[in-house]
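Here's a quick briefing on how the chains meet and on one strand worth a look. Have the viewer open as you read.

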Amino acid sequence: MRLNTLRYLLEKEFKQIRRDRFLPKIIFIIPMMQLIILPFAANFEMHNINLSIVDNDHSVTSQQLTNKILSSGYFRLTDYSPHYNEAIKSIESNDADIILEFPQGFEKRLGREGTNELLIAANAVNGTKGGMGSSYLSSIVQNFNAEKGYYPADLVGVKVTATNLFNPHLNYKSYMVPGIMVFLLTIIAGFVPALNIVSEKEKGTIEQINVSPVPKSLFMLSKLIPFWVIGFFLLTIAVGIAWLIYGLIPVGSLGTIYLFAAVYMIGFTGLGLAISAISSTQQQAMFTTFFFLIIFALLSGLFTPISSMPEWAQNITLLNPIRYFVEAMRMIYLKGSHFSDIEGHFFMICFFAVLFNVLAVAGYRKTQ
Amino acid sequence: MKQFASFIRKEFYHIFRDIRTMLIMLVMPIILIILFGYAITTEIKSVPFAVLDRSRDEVTTRLTDRIGASEYFNLYKLLDSEEEAQDLFRQGKVRLVVVFPPQYASSPDAAIQLLADATDPNEATQLTGYATAIITAAKTDAIVQTMPIGIIPVVHLLYNPLMKGAYNFVPGVMGLILILICAMMTSVGIVREKEMGTMEILLVSPMKPVYIILAKAVPYLLLSMVNITTILLLSYFLLEVPIMGSLFSLVMVTVLYIIVSLCLGLLISTVADTQQAAMLISGMALMLPVMLLSGMMFPIENMPKLLQWLSNIVPAKWYIIAVKDIMIKGLSITSVLKETGILILMAFVLIAISVKRFKIRL
Amino acid sequence: MKAIETKELTKRFGTFTAVDHISFEVEEGEIFGFLGANGAGKTTAMRMLSGLSTPTSGEAVVAGFNVYSEAEQIKQHIGYMSQKFSLYGDLKVWENIRLFGGIYGLPEKKLREKTDELLQTLGLESERNTLVDSLPLGWKQKLAFSVAIIHEPNIVFLDEPTGGVDPVTRRQFWELIYEASARGITVFVTTHYMDEAEYCNRVSIMVDGRIEALDEPAELKRQFQAADMNGVFQALARKATRGE
């Protein structure tokens, strides 16, 4: 009898989702767009930094250094300005990011005294960009020094070689794509079901269910299962896109990924349902979910490393289910971590799944 | 006019009655400022590393200590084998392993190997860079450098000498919060009335539809101003971001951007039938582009041409540029004529489309 | 056994007493009219009896089950039709019937028979595959009522079932109520329309959360020396202190 009831409820949910004018499109198109656009957009690598050069020297050395800088691939020459005051205008108008000024008599003094200064002025409103740009520039100058033999030979003695494991081409997209998959599942599992129950409340249809003998856990289950199934479907498409567009194949086991995803989605649907159970309007449910989602996402390590955060923020991330799955997903995808390497992560995700679903069932009241 | 005032009052009731949503709207900017101000950074610090020391001599011990003592690294473990390194990488316990060759002290030309977990390529590049610098510095300690050698780059960081992230994201958070409140809330608010059927009641009232929509917009406009004030106060006093330019110009540009956001919300409400749809459209079609394509988090210059082109139709991009120019560079409003012009144009286009759609739909 | 028995049933929301110590009994098979002005407490009382809301104090037994301890058993034995139309607008007519029949545990075969029978009685065979949202209001109400009694409950609660429909449809709706009653289903109905009160076996009239009168319509008219139920109602409503 119970299972039968669930069947009827599920039939209803699937029909409603299918019949919605927007939902099926949004559920599929938008996550796919994310997966295709986000990795290209979310990129901290710097190139095409706009450079304005003020060359007061017009010497062979200044020309050589300029050529070296421009051929590095990081910089793009915006203009040659006759004067620093002109160059600063291109910074104000955002046409240039960095000014490089060769002082008058640059080459001569370098030849005479073996040293000279070179002015680099970077627009540091965006601190990362300004900082990275000027340090790229500095390191090119250092290399130039070494090439020209301005450095003592002793320093060259230290040999350090670096090997980049797991992502030898240092491809930032390979790092982002697995993380974005998690983000995508989070939205589908957490956001959409949250709105679902509240919409039934607003329309009043939930009354007719509340007055029937349907147990609340069964009703919740009928809301959870469809999005769970959709989530799996999406994950499969996402894995396909990662392979087709980014050439990314998990080094670890796909089975582990699906196992994690299964529990994770149950957890987030639970959270969505818990929020919708305590919200009376969709607007309220949306804002509450949104509030949690944005904090969870920013503190998940998806965009910036957790180890860079201050201690208190790192402690908060321990309570963040997204963090565990993002980490696990990247480890499985890129490093081929085994289940035993990440069972701690799995345990935490299970814990949150249980917690959120208990909250959901407890929060939904058939009786006032 | 009296009628209009009573409509505005009704909208305020809607907002105040839902205390939780209102609280979230007021607290959200504070949390975002704190998160972005303190937690969201890519600075490397205290990254766990391990050492596979095949020499175990005085020099390698000293180098290990030097690396571990830096703010960038924390020594996790001394390893015995390469397999152990692999395991630690797979478990995510360390992100860098330093391998010293045998008899390093007696053969200083031998190479030290750095194994980096390059899952996060940026981090890996920075880690190997820092580690190399520390090792080089430690090895050349002995060499006394009395005079500067070669070309010395003198770096001036304009506008933001301390390279504070806040200078960049405060304008970004402003752009984000305003879109969120104005566009999302207005669109959902209007669609809600459509869904509940109360919109029809309002439309048959003697009020002109324009005023009905205006009345919906006014409370959100005020809420946005409250939020902007919070953000500016927090960033000025807590994050110590100066306001170099004129506050008046800043407010003018902000009001312009709010109007654009409200128009966007209006447009969405004419497209969406259900609140769910309105939310998802504004969430996905507004939020994400603002976060990704406005230059708030990621530099636009690095993106493929298509995305760079797309970023031009994101109002937040222009708003954020204008705010940075006025607030941080201290430029006058005449230097942001292009940005304000684009925003004004967007406002007109959006109003035109939504008014047209609004009439057709109702 | 009585269909419904209440003693001193009370519901408070903070300091506001929505339902104030009401006591009454409803016989099995009876059509019981529950009258009162807006805000008199009718819906609150009905929600307590149907297990949607827990009383603050007092006792109530519905279909032999206690409202405090056996709310879920009550739900198995009652039908409910709320003031606000509460079928799924984005499901088709037959799909709504199937859903509610299904969750009340009707077996597949019986469900099919019942669907056909119901569509036939309502004359909705041609609308079988229509989305409920696109039905006219009167048809929606009749469908909602039929769905509410699809599992042959002991009692059906109807909260202002005929709000906003034309007199002809109201008349048809009452025919459905009579049929249900004839099959032995107890009908508990709230209404605004005083002419509908005349169709009930007995009516109670609520004023400010209390039951001020309860009897057969004819008896009430005699008692209040009124020509019709409207007169009775006006006489009682004058006492009300709660506004609309």
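Two strands count as paired if DSSP finds at least two bridges between them. By that yardstick, β1(B) pairs with β2(B), residues 73–79 of chain B: six bridges join the two, and they run parallel. Keep in mind that this is a predicted model. Before the strands, though, let's go through the chain contacts.

**Who touches whom**

- Two pairs of chains are in contact, and chains A and B share the most contacts.
- Chains B and C have no contact joining them; their closest C-alpha atoms sit 12 Å apart.

**Chain B against chain A**

- This contact draws on 91 residues from chain B and 95 residues from chain A.
- On the chain B side, quite a list of elements each put in at least two residues: the helices α2 (19–39), α4 (82–91), α5 (121–139), α6 (166–196), α10 (275–293) and α12 (315–328), along with the strands β4 (112–117) and β5 (150–158).
- Which element gives the largest share of that side? That's α5(B), with 10 residues.
- Sorted by class, the side of chain B that touches chain A holds 51 nonpolar, 24 polar and 16 charged residues.

**Chain A against chain C**

- Here chain A brings 20 residues and chain C brings 24 residues.
- On the side of chain A that touches chain C, α1 (2–19) and α8 (205–210) of chain A each supply at least two residues.
- The largest share of that side comes from α1(A), which contributes eight residues.
- By class, the side of chain A that touches chain C splits into six nonpolar, 10 polar and four charged residues.

**Strand β1 of chain B and its neighbours**

- Why call β1(B), residues 47–53, largely enclosed by the rest of the structure? Five of its seven residues are buried, so the label follows; buried here means that 20 or more other C-beta atoms lie within 10 Å of the residue's own.
- For a spot to click on in the pairing with β2(B), try F49(B): its bridge partner in β2(B) is L75(B).
- β1(B) and β2(B) also belong to a right-handed β-α-β unit, together with helix α3 (residues 58–69) of chain B.
- β1(B) is joined to strand β3 (residues 96–100) of chain B as well, by five bridges, and these two run parallel.
- In that pairing, D53(B) has F100(B) of β3(B) as its bridge partner.

Definitions and conventions. Residues numbered from 1 in each chain as written. Chains lettered and ligands numbered in written order. Predicted model: local features only at pLDDT ≥ 70, side-chain atom pairs only at ≥ 80, totals over all residues. Contact = placed C-beta atoms within 7 Å. Helix = DSSP H or I, 4+ residues; strand = E, 2+ residues; numbered from the N terminus. Nonpolar A, V, L, I, M, F, W, Y, C, P; charged D, E, K, R; others polar. Buried ≥ 20, exposed ≤ 12 C-beta atoms within 10 Å, placed from the backbone. Right-handed = clockwise from strand over helix to strand, strands pointing away.
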